[in-house]
Amino acid sequence: MRSYTGDIMRRLSKPPFCGSVREFGKIEHEGASYPMVAVEWVNDGVKPCVLITAGIHGNEAAGVWALLDFAERTLGTYKGSFDFILLPCMNPAGFEHEVRTNLNGADLNRNFFSETAEREVVIVK
């Protein structure tokens, strides 16, 4: 089983992410707690801002790894022209349990316009 804390949060605690990670919410499920985090590289707020998200379906980890790899290896070349906000894993519990949905069985990608949106969606909005 994947570990959200071990696989993602540990990686975000190292360069180039140090000091740029902000927790903006928390998902609680059956005693487990998953921080929702954003990586923010916003210099002056004047440049165009690029939002990149990944991990909305927990069983699709490739996007999470690709986003983190892009941020570590390539994103620095664009920081002079753009501000960036990265949401590396929008479904941390689904990621850890390797399921498409969140742990309530909701497909978060189909949940953004629901009147009873799931906690992950509410936090991101």
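**Strand β2, its partners and the cysteines**

In this predicted model, strand β2, which spans residues 32-41, is mostly covered, since 7 of its 10 residues are buried. The strand has pairing partners in both β1 and β4, and these two pairings are described in turn.

The pairing with strand β1, formed by residues 21-29, is antiparallel and is made through 8 bridges. Within this pairing, G25 stands opposite M36 of β2. Together, β1 and β2 form a hairpin in which 2 residues lie between the strands, and E30, located in the turn, has a positive phi of about 50°.

Strand β4, which comprises residues 83-87, is likewise joined to β2 in an antiparallel manner, here by 3 bridges. In this pairing, V39 has L86 in β4 as its bridge partner. As a general point for reading such strands, side chains in a regular strand alternate between the two faces of the sheet.

The cysteines were then examined for disulfides, and the count comes to 0. C18 takes part in no disulfide, and the nearest cysteine sulfur, belonging to C89, is 19 Å away. Because a disulfide requires two cysteine sulfur atoms within 2.5 Å, the 19 Å between the sulfur of C89 and its closest cysteine sulfur, in C18, is too far for a bond. The surroundings of the two residues were also considered: C18 is partly exposed, with a relative accessible area of 46%, whereas C89 is buried, with a relative accessible area of 4%.

Methods. Residues are numbered from 1 along each chain as its sequence is written. This is a predicted model: local features need pLDDT of at least 70, side-chain atom pairs count only at pLDDT 80 or more; totals for chains, interfaces and linings use all residues. Side-chain values use heavy atoms; hydrogens and water are left out. Buried means under 20% relative accessible area, exposed over 50%, partly exposed in between (1.4 Å probe, protein chains only). Helices (H or I, at least four residues) and strands (E, at least two) are DSSP runs, numbered from the N terminus. Two strands pair if DSSP finds at least two bridges between them.
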